[in-house]
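Dear colleague,

I am handing over the structure we spoke about, and below it you will find an account of what turned up when I went through it. Please read it with the structure open beside you.

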Amino acid sequence: MSVEKDINSVDAKTGDLRKVTAKAHEGEIKVAAHDLNRRESLSAYFTILAAGFGLISDGYQNNLMTMSNVIFKELYPNDYTSTVSTRVSNSLLVGAVLGQIFVGLICDRVGRKVALVSTTLLIVIGAILGTAAHGAHGSAQGLFWFLTIARGITGVGVGGEYPASSTSASEAANETAQANRGPVFIMVTNFVLSFGGPLAVSVFLIVLSAAGDNHLETVWRVCFGIGILLPLTVFFFRLRMLSSKLYRKGAIKRRVPYGLVFKRYWRELIGTCGAWFLYDFVTFPNGVFSGTIISSVIHDGSIKATAEWQLLLGIIALPGVFVGAYLCNRLGRRNTMMLGFSGYLLFGLIIGLAYNKITKIIPLFVIFYGLMQSVGNMGPGDMLGLTSSESYATPIRGTCYGLSAAIGKTGAAVGTQAFTPIQNNLGKQWTFIIAAICGVTGVLITYFCVPDMTGVDLADEDAKFMKYLADNGWEGEVGEDSEKVFADHHVAEAGSTERL
């Protein structure tokens, strides 16, 4: 290594980059991955915490329409049709798909900090517009179009938060708690996203109790307004954060070899994209319309009673997150995800085949409905973000994570769009039977296409990726700022040519 530096280094005053072989850079990545100074270590811990606070706003926004749909049906029974309801709900998803793809690219090509700051600002702007939404001359249709645009802007920020926060949290957890990277990642990603459901309903119940049933417009506007405050809690830190050591060492911002990336990771992409599509196809519409489902089966159809049952449903779904965090190291990522998809098969068939009988016993229905969501949280809910952040090398982690999440959100949009037609044409029980079918498909895709990275250091995959690029003749700039080098497979080492 020292010989290579003597031969290939260029005087720093010239401003040229140091040239290194793939083998040399592979060694540097492994050594530097866990060698942090005090400031880098503190930044890594705060990055993990900030990811949790940032993603809780995503969870809140994802579940904000659950009770808002019930309010709008009460306030505008003739205007808030199923078509309008689906459009307003889907606008967040469409925005999220765009955000996940483009912010995922920004995350890798420009930098983690730029991506995180951008998503925070977009969520705040969208939430402000949603809170202030009005139709021209009091038009209800104008109000819902305004909300559609505002929720779309929020969605871009919410979607971008997925690759930006998750990749940063995964890399930071790898630097500070590599053995427990999985549980730490789950607690600051899927736990806070899942907690967003009970949080949104709890806020709704508090505001409803304070404002009363006669001020429902005030209720939904205050709930939307609280969504402005959550992302602001991490804005200052994100302005001052450091990127992970893995990113500063391994970033590829120019001449990214996407063809080689696809050639290496095509099976993993099928696994993470396909499994995420199936998971969101089931879980998102069942979350958005769960308030509507519950209000249709309870005898007391009041808004408050619906919210109380909705809160119970959200609480029952939470323990699955902790079970998944416990099992991810012991059982492995892939096996835990398969177990969760199997739960969709079990509870989907139980509820779907016995729907007409089970809905007559409201507590039993809510418990089984909650357990179905809980096993979803335990399996694909916990594992998809984790496997998507672990399966790909650092230079393209944000891009591949964003693409996987975007395909997932496409599944959510398709599921939300198909939810009402399925209920109207096939019957309400079929939404659960289809969930069971998705569970079987999810098990197969996970088994054949999703790698199990349990216990694997992310630096190891980065080193293998650099070797793979060198084997295929790629050369270019690697790293960020002072860590940047030029990876050149033609560089001589001690007078001989080394090619990996």
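The helix that gives the most to the lining of the largest cavity is α18, with eight residues. Please keep in mind throughout that this is a predicted model, and that the values below were computed from it. Helix α18 spans residues 362-390, and the other helices that each supply at least two residues of this lining are α3 (38-75), α6 (140-176), α8 (190-211), α12 (258-288), α14 (303-317) and α19 (397-426). The cavity itself holds about 650 Å³ of space, and a search of the whole structure finds seven cavities of 30 Å³ or more. As general background, rolling a probe the size of a water molecule over the atoms shows where empty space is left.

If you would like to find the largest cavity on your screen, the residues that lie nearest its centre are L193, S194, Y279, T283 and N377, out of a lining of 36 residues. Sorted by class, that lining has 15 nonpolar and 18 polar residues, together with three charged ones.

For the protein as a whole, there are 21 helices and five strands, and 60% of the 500 residues count as buried. Among contacts between residues at least 6 apart in sequence, 85% join residues at least 24 apart. The accessible surface comes to about 19,400 Å², and 64% of this belongs to carbon and sulfur atoms.

Several single residues may help you to see how the helices are placed. S165 lies in helix α6, where S165 is buried with a relative accessible area of 1%, and, leaving out residues up to four places away in sequence, S165 touches A51, L55, L116 and R238.

T446 is found in helix α20, which covers residues 430-449, and with a relative accessibility of 0% T446 counts as buried, because buried means under 20%. Not counting residues up to four places away in sequence, T446 touches A275, R334, M337, M338 and F341. The C-alpha atom of T446 is separated by 9.4 Å from that of P380, although the two residues are 66 apart along the chain.

Which residues does G352 contact once its neighbours within four places in sequence are left aside? They are Q429, F432 and I433. G352 itself lies in helix α16, residues 333-353, and counts as buried at 5% relative accessibility. A further link in distance is with W430, whose C-alpha atom is separated by 6.2 Å from that of G352, with their positions 78 residues apart along the chain.

L364, which has its place in helix α18, is partly exposed, with a relative accessible area of 32%. Measuring from C-alpha to C-alpha in the model, L364 and I351 are 10.0 Å apart in space and 13 residues apart in sequence.

Two loop residues also deserve a look, on account of their backbone angles. H137, in the loop between α5 (112-131) and α6, has a phi near 55°, a positive value in a residue other than glycine, and H137 is exposed, with a relative accessible area of 87%. R255, in the loop between α11 (245-250) and α12, likewise has a positive phi near 55° and is a residue other than glycine. At 55% relative accessibility, R255 counts as exposed, because the cut-off for that word is over 50%.

Finally, a word on the cysteines. How many disulfides are there in the model? The count comes to zero, taking a disulfide as a pair of cysteine sulfur atoms within 2.5 Å. C400 is in no disulfide, and the nearest cysteine sulfur, that of C273, is 8.2 Å away. C400 is buried, with a relative accessible area of 5%, and C449 counts as buried too, at 15% relative accessibility.

With best regards

Methods:
Residues numbered from 1 in each chain as written. Predicted model: local features only at pLDDT ≥ 70, side-chain atom pairs only at ≥ 80, totals over all residues. Heavy atoms only, no water. 1 Å grid on protein atoms, 1.4 Å probe; cavity = no way out; pocket = protein on both sides within 12 Å on 5 of 7 lines; lining within 4 Å. Points joined across faces, edges and corners; volume = space filled by probe spheres on them. Helix = DSSP H or I, 4+ residues; strand = E, 2+ residues; numbered from the N terminus. Nonpolar A, V, L, I, M, F, W, Y, C, P; charged D, E, K, R; others polar. Buried < 20%, exposed > 50% of the residue type's maximum accessible area, 1.4 Å probe, protein only. Contact = heavy atoms within 4.5 Å. Areas by Shrake-Rupley, 256 points an atom, 1.4 Å probe, with all protein chains shown as cover.
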